[in-house]
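Here is a set of questions and answers about how the labels used for one protein model are earned. Each answer sets a value against its cut-off.

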Amino acid sequence: MPFYRVQLKQGSRTIVNHIEAKSVDAVLAFFNELTTMQVSQILEVKYEDNSNPPIDDFNYKPLYKAFIRNESSHISKQIILHNIKPSKHEADILRAAKQYLEINGLKVDSVVTSLFKL
């Protein structure tokens, strides 16, 4: 059975649950039957790595924020990245964004503005 990440909201409170179920409809029915919280998001977990994470040696740039952009449609989207490898620079992030990311199904052309927190 697939695993799902379920976001529930009530008032100002948001909770995330992880559950294994037969389908999205089954997840929605389960929570609607048992809780007063509103199911606001159901995501299927496509990848999960339960191995031990690396030891935190604090050898990284803690935060990077930027707006990536598609020039032809003038659409921008903010990205926030944590724990950037110390050898990586803005040009590396732009190259990776162009190679791997999209904005509304369109290619990434540029980084409009960026900020590294050191």
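Q: What makes T14, I15, Q38, V39, S40 and Q41 contacts of Q7?
A: This is a predicted model, and contact in it means heavy atoms within 4.5 Å. Leaving aside residues up to four places away in sequence, Q7 touches T14, I15, Q38, V39, S40 and Q41. Q7 itself belongs to strand β1, which covers residues 3-10.

Q: Why is Q7 called buried?
A: The relative accessibility of Q7 is 16%. Buried means under 20%, so Q7 counts as buried.

Q: Why is V45 called partly exposed?
A: V45 has 26% relative accessibility. Partly exposed covers the range between buried, under 20%, and exposed, over 50%, so V45 counts as partly exposed. V45 is in the loop between β3 (38-44) and β4.

Q: How do you know that V45 and F3 are apart in sequence but meet in space?
A: The two are 42 residues apart in sequence, while their C-alpha atoms are 5.4 Å apart. V45 also touches F3, along with Y4 and R5, when residues up to four places away in sequence are not counted.

Q: What can be said of V24 in the same terms, buried or partly exposed?
A: V24 has a relative accessible area of 40%. That value is neither under 20% nor over 50%, so V24 is partly exposed. V24 lies in helix α1, residues 24-34. Y4 and I42 are touched by V24, not counting residues up to four places away in sequence. From V24 to F3 the separation is 21 residues in sequence and 9.8 Å in space, C-alpha to C-alpha.

Q: How many aromatic pairs are there, by the rule that ring centres lie within 6.5 Å?
A: The count comes to three aromatic pairs. One of them is formed by F30 and F31, with 5.2 Å from centre to centre and 85° between the planes.

Q: Why is the pair of F30 and F31 called edge-to-face?
A: Planes over 60 degrees apart count as edge-to-face. The planes of F30 and F31 are at 85°, and the pair is edge-to-face. As for cover, F30 is partly exposed because its relative accessibility is 40%, whereas F31 is buried because its relative accessibility is 8%.

Q: Why is the pair of Y64 and F116 called tilted?
A: The ring centres of Y64 and F116 are 4.7 Å apart and their planes are at 50°. Stacked needs under 30 degrees and edge-to-face needs over 60, so this pair is tilted. The pair links distant parts of the chain, with Y64 in strand β4 (residues 61-70) and F116 in strand β8 (residues 110-117), 52 residues apart.

Q: How exposed are Y64 and F116?
A: Y64 has a relative accessible area of 0%, so Y64 is buried. F116 has 25%, so F116 is partly exposed.

Q: What sits over the ring of F116?
A: The charged end of K61 sits there, 4.7 Å from the ring centre.

Q: What makes up the largest nonpolar core?
A: This core has 10 residues: Y64, A66, I68, I79, I84, I93, A97, I103, V108 and V111. At least two residues each come from β4, β5 (75-84) and α2 (90-100). The element that gives the most is β4, with three residues. One core member, I93, touches Y64, L81 and F116, not counting residues up to four places away in sequence. A second, separate core has nine residues, including Y4, V6, I19 and V39.

Q: Why is the protein described as more spread out than a compact globule?
A: Its radius of gyration is 19 Å, and the globule rule gives 13 Å for 118 residues. The value is well over the rule, so the protein is more spread out than a compact globule. The C-alpha atoms fill a box of roughly 50 × 40 × 30 Å along the principal axes. Buried residues make up 21% of the 118 residues.

Q: How many helices and strands does the protein have?
A: There are two helices and eight strands. In sequence order the pattern is β-β-α-β-β-β-α-β-β-β.

Key: Residues are numbered from 1 along each chain as its sequence is written. This is a predicted model: local features need pLDDT of at least 70, side-chain atom pairs count only at pLDDT 80 or more; totals for chains, interfaces and linings use all residues. Side-chain values use heavy atoms; hydrogens and water are left out. Rings of Phe, Tyr and Trp (its six-membered ring) pair if their centres lie within 6.5 Å; planes under 30 degrees apart count as stacked, over 60 as edge-to-face and the rest as tilted. Buried means under 20% relative accessible area, exposed over 50%, partly exposed in between (1.4 Å probe, protein chains only). Helices (H or I, at least four residues) and strands (E, at least two) are DSSP runs, numbered from the N terminus. A charge sits over a ring if NZ of Lys or CZ of Arg is within 6 Å of the ring centre and within 35 degrees of the ring normal. A nonpolar core is a set of buried Ala, Val, Leu, Ile, Met, Phe, Trp, Tyr and Cys residues joined through side-chain atoms within 4.5 Å. The radius of gyration is taken over C-alpha atoms; the globule rule is 2.2 Å times the number of residues to the power 0.38.
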